[in-house]
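Here are my notes on this one, written as numbered points you can follow with the structure open beside you. Take them one at a time and find each residue as it comes up.

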Amino acid sequence: MSSSAAAPEAAAASADEGMTWWYRWLCRIAGVIGGMSCACAGLWNCVTINPLNIAAGVWMMLNAFVLFLCEAPFCCQFIEFANAVSARADQLRAWQKAAFYCGMAVFPVMLSLTLTTLFGNAIAFATGVLYGLSALGKKGDAISYARIHQQQKQMDEEKLTGTLEGQAL
């Protein structure tokens, strides 16, 4: 294996460093389901004469295509650049994916605020939220929180006793 081939794998591994395997799969499955809901709701949204609804429906179908391309490239196996786009998307940090997916999901709702656009983009937005939560990192363990709380309590007691001794003089 050459060093140039190992560099992208190391970058992808460091990007997923804080995510467990099951959470990574949860995000991918949410992305695929979000893509399906965007595609169905986008197609349904295009069956109208209102141009904003049609624009929102086309954008939702574009969102579905991007979600499939990034999260499940096997769904786009007949597109030559699908694996390259998926590899590039895997190198993005979790907060970048979160901002991208949430932004993609909010735009059609801003174009046409209907139940179809809200429900169609809800799971795609939830995928962005899942990636955003993974960007926050793991929560700390109870022992370190208890230690910090105990130190804070001691400092508060020392301040309180220091002020009381100062008043007594």
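1. Let's start with E71, at 3% relative accessibility in this predicted model. The cut-off for "buried" is under 20%, so E71 counts as buried. You'll find E71 in helix 3, and that helix covers residues 51-71.

2. Who sits around E71? Leaving aside residues up to four places away in sequence, E71 touches C27, R28, G31, K97, Y101 and Y131. Try clicking through these neighbours before you read on.

3. Two of those neighbours deserve a look for their polar contacts. The E71 side chain makes one with the side chain of Y101, at 2.6 Å. It makes another with the side chain of Y131, at 3.0 Å.

4. Now for charge. Side chains of opposite charge can pair when their charged atoms come close. Here E71 and R28 do this through their side chains, forming a salt bridge with an N to O distance of 3.8 Å. R28 belongs to helix 2 (residues 21-45) and E71 to helix 3, so this pair ties together parts that are 43 residues apart in sequence.

5. Is R28 buried or exposed? R28 has 17% relative accessibility, so R28 counts as buried, given that the cut-off is under 20%. Notice that E71, its partner, is buried too, at 3%.

6. R28 has a second partner, D90: the closest N and O atoms of this salt bridge are 2.6 Å apart. D90 lies in helix 4 (residues 82-91) and R28 in helix 2, so the two tie together parts that are 62 residues apart in sequence.

7. D90 also forms a salt bridge with K97, and there the closest N and O atoms are 3.8 Å apart. With 7% relative accessibility, K97 counts as buried. K97 is also one of the residues that E71 touches.

8. How many salt bridges does the structure hold? There are three. Put together, they link R28, E71, D90 and K97 in a network. If you'd like a picture to keep, colour those four residues and trace the links from one to the next.

9. Step back to the whole chain. Its secondary structure comes to seven helices and zero strands. Reading from the N terminus, the order of elements is α-α-α-α-α-α-α, which makes it an easy one to sketch.

10. Which share of the contacts joins residues 24 or more positions apart? Among contacts with a separation of 6 or more, the figure is 65%. L26 and L130 give you a pair to look up: these residues are 104 apart along the chain, yet their C-alpha atoms are separated by 8.5 Å. L26 lies in helix 2 and, at 38% relative accessibility, counts as partly exposed.

11. For another pair, try I33 and A64. They are 31 residues apart along the chain, with 9.3 Å between their C-alpha atoms. I33 is also in helix 2, and its relative accessibility of 38% makes it partly exposed.

12. What about the surface? The chain has 169 residues, and buried ones make up 30% of them. About 11100 Å² is exposed, with 69% of that supplied by carbon and sulfur atoms.

13. Next, the annotation. An unreviewed UniProt entry lists residues 25-44, 56-82 and 94-113 under "transmembrane region". In the model, residues 25-44 are 100% helix and 0% strand, and the end C-alpha atoms of that span lie 29 Å apart. Residues 94-113 are 90% helix and 0% strand, with 28 Å between the end C-alpha atoms. Please keep in mind that the transmembrane label comes from the record.

14. Last, how far should you trust the coordinates? The average pLDDT of the chain is 81, and 83% of the residues score at least 70. Over residues 1-15, however, the pLDDT is below 50, and that stretch has seven contacts in the model beyond near neighbours in sequence. Where pLDDT is low, the predicted coordinates should not be read in detail. For your own write-up, please treat residues 1-15 with that in mind, given their pLDDT below 50.

Definitions and conventions: Residues numbered from 1 in each chain as written. Predicted model: local features only at pLDDT ≥ 70, side-chain atom pairs only at ≥ 80, totals over all residues. Heavy atoms only, no water. Buried < 20%, exposed > 50% of the residue type's maximum accessible area, 1.4 Å probe, protein only. Contact = heavy atoms within 4.5 Å. Areas by Shrake-Rupley, 256 points an atom, 1.4 Å probe, with all protein chains shown as cover. Salt bridge = Lys/Arg side-chain N within 4 Å of Asp/Glu carboxyl O. UniProt positions renumbered as here; feature names shortened; annotations may be inferred. pLDDT = per-residue confidence, 0-100. Polar contact = N/O pair within 3.5 Å; in protein donor to acceptor, adjacent residues only side chain to side chain.
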